[in-house]
Amino acid sequence: MLTLSRLTKRYAKGDAALTDVSLEVPAGQVVGLIGPSGAGKSTLIRCVNRLVEPTSGAVRLGALDVTALSRSGLRKARRRMGMIFQEYALVERLSVMENVLSGRLGYVGFWRAFLRRFPQADVDRAFAVLERVGLLDHVDKRADELSGGQRQRVGIARALVQEPDLLLVDEPTASLDPKTSRQIMRLIVEVCAERQLAAIVNIHDVALAQMFVERIVGLKAGRIVFDGPPDTLDAAALTAIYGEEDWSRTIRDADDADEGPDEADEEAPRAPRPAALGARAL
Ligand SMILES: Nc1ncnc2c1ncn2[C@@H]1O[C@H](COP(=O)(O)OP(=O)(O)OP(=O)(O)O)[C@@H](O)[C@H]1O
């Protein structure tokens with residue numbers, strides 16, 4: 001369980017980017033974080049692993065108070081938090097396998113990492129995650145020989161090889177075509193279910209989020225203004241998040257929601273809709 005309690009971030013000279021954000025994400029749940037540009041989505045994700053230091057409030061992962069950790073404690077805690085980026089953040093001249101193994105750097109000593117002598121158990125783990133993301137045939141390819149979708153699969157494998165409890169995902173599909181975007185979202189949701197990972201996915205594409213995640217959180221000007229299942233994200237909620245607009249073409253109505261994505265061979269996992277997770281009017 002990831003717990004954010006009254007998380008606030010005020011950048012130097014800036015207004016508050018996050019104000020009193022409280023959120024609980026249980027193991028296995030994928031939250032789609034939506035909101036207009038500048039709403040604080042990236043700041044929120046980065047405050048969780050303290051790439052950005054929160055000004056106040058607390059982040060807990062299970063029983064661990066991440067906000068109270070020293071530098072060395074934080075290094076260890078970050079092993080438990082996999083991060084996936086929009087631009088993949090791969091080392092272009094390194095192979096797929098080497099990029100994935102870099103996810104184990106938090107576990108191996110400096111010299112082993114420097115000499116790229118990873119323990120066999122790490123190599124075995126890397127093969128296993130590469131098989132899961134469908135890249136076993138590409139392990140020796142250089143990262144710069146891959147398509148965008150394949151690169152993002154490497155990014156996902158690198159996060160998974162850490163054996164995290166939590167995935168922090170920042171715009172994973174922003175550089176991908178619509179079909180590849182669905183495949184990547186599907187993969188993220190599936191691996192979170194398989195491994196019982198909590199995840200926060202920062203995503204601009206509302207329809208894509210609605211298609212795959214079981215819970216949507218809407219941020220506006222650093223505050224949570226919506227929290228509920230995707231089929232409760234109606235015109236009023238979208239207006240609360242983004243402002244006045246004709247939302248009729250954006251909203252997936254209940255009938256569409258039951259149909260799921262259109263490719264028969266790529267049925268999206270039906271996100272559970274826990275009865276307890278009602279929309280919060282905020
Ligand atoms: N390093 C920084 N220094 C000062 N202000 C910042 C910094 N990073 C972000 N901000 C400000 O904090 C606010 C939230 O920014 P953030 O990048 O978290 O929003 P976002 O919702 O992720 O936006 P986008 O969807 O455009 O990526 C914005 O007003 C932004 O200008």
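The legends below accompany several close-up views of a predicted model of a protein chain with a ligand.

**View 1. The protein chain as a whole, with its helices and strands.** In this predicted model, the protein chain holds 10 helices and 11 strands. Of its 282 residues, 39% are buried. When contacts are counted between residues at least 6 apart in sequence, 70% of them join residues that are at least 24 apart.

**View 2. The two domains and the contact between them.** The protein chain is divided into domain 1, which is made up of the segments 1-76, 167-173 and 200-282, and domain 2, which spans residues 81-163. To the contact between them, domain 1 brings 9 residues and domain 2 likewise brings 9 residues.

**View 3. The side of domain 1 that touches domain 2.** Strand β7, running over residues 166-170, supplies the largest share of this side of domain 1, namely 4 residues. Sorted by class, the side of domain 1 that touches domain 2 consists of 5 nonpolar residues, 1 polar residue and 3 charged residues.

**View 4. The shell of residues around the ligand.** Among the residues around the ligand are Tyr11, Gly14 and Ala17, and the shell also includes Gly35 together with the run Ser37, Gly38, Ala39, Gly40, Lys41, Ser42 and Thr43. Helix α1, which covers residues 41-48, gives the most to this shell, with 3 residues. By class, the shell around the ligand contains 7 polar residues, 3 nonpolar residues and 1 charged residue.

Conventions
Residues are numbered from 1 along each chain as its sequence is written. This is a predicted model: local features need pLDDT of at least 70, side-chain atom pairs count only at pLDDT 80 or more; totals for chains, interfaces and linings use all residues. Domain bounds come from an automatic or database domain assignment. Two residues are in contact if their C-beta atoms, placed from the backbone, lie within 7 Å. Helices (H or I, at least four residues) and strands (E, at least two) are DSSP runs, numbered from the N terminus. Ala, Val, Leu, Ile, Met, Phe, Trp, Tyr, Cys and Pro count as nonpolar, Asp, Glu, Lys and Arg as charged, and the others, Gly among them, as polar. A residue is near a molecule or strand if its C-beta atom, placed from the backbone, lies within 6 Å of it. A residue is buried if 20 or more other C-beta atoms lie within 10 Å of its own, exposed if 12 or fewer, and partly exposed in between; C-beta atoms are placed from the backbone.
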